[in-house]
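Please look at the sequence and the structure shown here, and keep both in view while reading the report.

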Amino acid sequence: MPFIPKHSVDYSLYLVTGRDLVPPGHDYYHTVEEAVKGGVTIVQIREKKCDTGEFIAVAQKTKEICHRHGIPIIVNDRIDVALAIGADGVHLGQTDMPVSIARSLLPEGSIIGVSCNTPGHSQKAREDGADYIGIGAVWGTQTKQLTEPIIGVRGVGEVLDSGVEIKAVAIGGITTGNVSRTLHGSVSVHGKALEGVAVVSEIMASTTPQQVARRLFEIVHGYKLAPRKHLQNPFRTPLDSSQNIVNAAASLLSIIRKSSPLIHQITNNVVVNQSANATLALGASPIMATAAAEMQDLSQVSGALLVNFGTIGDVEGMLEAGRCANATRKPIVFDPVAVGATQHRRTIANELMNAWQATVIKGNAAEIGALADSTEVQSRGVDSVGEGFADPASMVKALARKERCIVVMSGPVDYVSDGETTVKLSNGHELLGRITGSGCMLGTCIATFCAASNLLDTTDDPGPFRLVKGDMIIGAVGGILALNAASEYAAVRQDVRGTGTFLPALIDELYGMTPEKLVSNAKVELC
Ligand SMILES: Cc1ncc(COP(=O)(O)OP(=O)(O)O)c(N)n1
Ligand SMILES: Cc1nc(C(=O)O)sc1CCOP(=O)(O)O
């Protein structure tokens with residue numbers, strides 16, 4: 001009979017051992033014990049190179065450490081070793097012994113885990129009677145030669161959503177730097193979440209395994225305790241009326257004017273100049289930097305990042321900028337221009353969204369449809385054609401849940417959702433659709449208002465599991481209101497005679513925008 005009853009196992013921080021990773025001068029057993037003291041809740045002994053006798057000896061001593069601290073020990077692959085040391089269970093790969101045979105050989109109550117890389121794997125693992133699954137690889141790893149593709153956090157969410165209830169941990173390349181993103185981004189569209197994370201090198205190769213384990217545990221534990229209802233910011237204020245939303249969004253304009261946040265923009269070369277001018281007109285400060293080498297420095301000082309891949313330039317810069325923005329908890333507005341138009345754009349969008357967590361995704365109906373795998377709305381180049389979605393509010397809400405972020409769908413009527421609250425905004429002049437780059441300027445305005453919302457949140461320690469500070473749905477609404485209101489004021493000016501004179505007038509009206517003008521003009525409804 002295993003030492004730990006399986007119903008009481010805590011999978012929050014699952015250490016998978018790797019003796020060869022322990023740094024010179026450090027002792028393997030000491031590393032494991034330190035890690036357990038730091039917060040590891042379950043240990044798997046994984047030995048790939050040694051003989052059976054040595055495996056048993058190491059496993060026996062590792063088990064003594066685990067049981068002394070009241071946590072279970074699992075043996076990787078080898079039922080014989082598990083039986084020999086009286087382990088609490090085994091972990092089996094897809095090509096290892098079938099679960100039913102392992103179950104028949106192990107004592108009653110043994111824990112059996114199975115590695116999964118696809119939704120089909122997890123369905124089968126559940127049917128076979130596994131107790132938990134290890135989903136991977138979520139990120140790239142140096143620890144083993146992978147035989148299955150890296151699936152990213154969004155792929156983990158798909159495995160979690162395979163229609164079966166089973167406890168799950170993610171594995172592969174998990175570090176203190178990406179664990180929040182791993183937990184957040186892998187929540188499935190139906191709200192299924194990981195029970196924990198499995199880690200090898202981040203702990204085993206550390207010279208301070210106790211501290212690393214403590215940090216990982218704090219993040220996982222904090223995330224599991226936090227309410228998950230509201231994406232990215234579980235503690236935001238309730239959005240109970242459209243007037244509250246408008247007032248909160250309008251008040252952000254004063255913050256922009258007062259603090260002039262730096263808005264880092266990687267955008268397409270058609271709109272660089274007008275986007276920078278729109279940023280300045282709102283009272284913020286633009287920086288249009290694209291080189292990967294400067295992203296770390298910029299993320300320290302910027303208020304928000306805009307990634308608009310309209311003319312797909314420096315993808316490395318986009319990847320690095322997003323990673324740095326996530327690490328510094330800065331809002332990221334992602335504008336996947338014409339993402340449905342080519343396979344190349346779909347591939348790059350996927351790569352970016354796997355590498356970092358967008359705070360806001362902004363697109364027209366065709367772009368949102370392409371990200372949501374819907375063919376209801378078609379694109380022509382960068383434009384969306386046709387009548388739009390029959391149920392646009394449901395479309396943005398579903399994508400917000402899938403991508404775990406705020407989604408803005410722009411058009412004659414704009415929709416914004418965080419997966420719970422959906423807001424419909426009916427302002428904006430049709431001339432906006434007749435100049436180039438108005439959608440791109442919208443991304444700029446949203447990034448600027450999100451930076452202000454981020455600044456407004458002065459929580460000292462937002463907790464390691466919060467990806468970004470501030471109410472980002474308010475930031476998104478503020479950016480839309482500002483551009484749309486400015487377009488309405490600009491279109492009726494005496495000096496505007498067509499699209500050529502409309503653009504400078506639009507910049508002027510952004511410059512002259514006030515919170516009062518935003519509120520008085522707003523046509524906002526909760527859906
Ligand atoms: C928790 C957890 N998940 C996955 C694995 C990988 O196991 P497997 O597929 O058997 O590959 P090897 O570990 O044998 O290389 C794991 N060990 N633990
Ligand atoms: C043992 C293992 N299994 C994986 C899978 O994808 O199934 S990835 C992996 C190694 C994870 O090591 P690290 O935390 O050092 O990246």
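The report below goes through the nonpolar cores, several helix contacts, one mostly covered helix and one residue in a helix further along the chain.

## The model and its nonpolar cores

The structure is a predicted model, and the descriptions that follow should be read with that in mind. As a general background, nonpolar side chains tend to be buried together in soluble globular proteins. In this model the largest nonpolar core has 93 residues, and the members that touch the most others are Val360, Ile446, Ala476, Val477 and Ala482. Helix H18, which covers residues 472–491, supplies the largest share of this core, with 12 residues.

Valine 360 can serve as an example of a member of the core, because its contacts can be listed one by one: when residues up to four places away in sequence are not counted, valine 360 touches Pro331, Val333, Cys405, Ile406, Val408, Ile446, Cys450, Met472 and Ala476. Apart from this core lies another one, of 68 residues, which includes Leu15, Ile45, Val169 and Val212.

## Helix H10 and its two crossings

Two packed helices are described by the angle between their axes and by the distance between the axes. Helix H10 (residues 242–259) and H18 have axes that come within 8 Å and cross at roughly 75 degrees, which makes H10 roughly perpendicular to H18. On the side of H10, the residues that meet the other helix are Ile245, Ala248, Ala249, Leu252 and Leu253, while H18 contributes Ile474, Gly475, Val477, Gly478, Leu481 and Ala482. Sorted by class, the residues of this contact are 9 nonpolar, 2 polar and no charged.

H10 also crosses helix H17 (residues 438–456), at roughly 85 degrees and with axes that come within 9 Å, so H10 is roughly perpendicular to H17. Ala249, Leu252, Ile255, Ile256 and Ser259 of H10 make this contact with Thr448, Phe449, Ala452, Ser453, Leu455 and Leu456 of H17, and the classes here are 8 nonpolar, 3 polar and no charged residues.

## Helices H11 and H19

Helix H11 (residues 272–282) packs with helix H19 (residues 499–511) at an angle of about 30 degrees, and their axes are 7 Å apart. The two helices are therefore roughly parallel to each other, and their crossing is right-handed. In H11 the residues involved are Gln274, Asn277, Ala278, Ala281 and Leu282, and they meet Leu503, Ile507, Leu510 and Tyr511 in H19; by class, this contact has 7 nonpolar, 2 polar and no charged residues.

## A mostly covered helix

Helix H6 (residues 152–160) is mostly covered, since 7 of its 9 residues are buried. These buried residues are Gly152, Val153, Gly155, Val156, Gly157, Val159 and Leu160. They pack against three strands, S5 (111–116), S6 (132–136) and S7 (167–171), and against the helices H5 (119–127), H7 (179–185) and H14 (343–355).

## Valine 519

Is valine 519, in helix H20 (residues 515–521), buried, exposed or partly exposed? Valine 519 is partly exposed, because 17 other C-beta atoms lie within 10 Å, whereas a buried residue would need 20 or more and an exposed one would have 12 or fewer.

Although valine 519 and glutamine 243 are 276 residues apart in sequence, they are 8.5 Å apart in space, C-alpha to C-alpha. Leaving aside its neighbours within four places in sequence, valine 519 is in contact with Val246, Asn247 and Ala250.

Notes:
Residues numbered from 1 in each chain as written. Chains lettered and ligands numbered in written order. Predicted model: local features only at pLDDT ≥ 70, side-chain atom pairs only at ≥ 80, totals over all residues. Axes fitted to C-alpha atoms, helices over the stretch in contact; angles between N-to-C directions. Helix = DSSP H or I, 4+ residues; strand = E, 2+ residues; numbered from the N terminus. Parallel < 35°, antiparallel > 145°, perpendicular 65-115°, else oblique. Left-handed = near helix turned anticlockwise from the far one by under 90°. Contact = placed C-beta atoms within 7 Å. Nonpolar A, V, L, I, M, F, W, Y, C, P; charged D, E, K, R; others polar. Core = buried A, V, L, I, M, F, W, Y, C linked by C-beta atoms within 7 Å.
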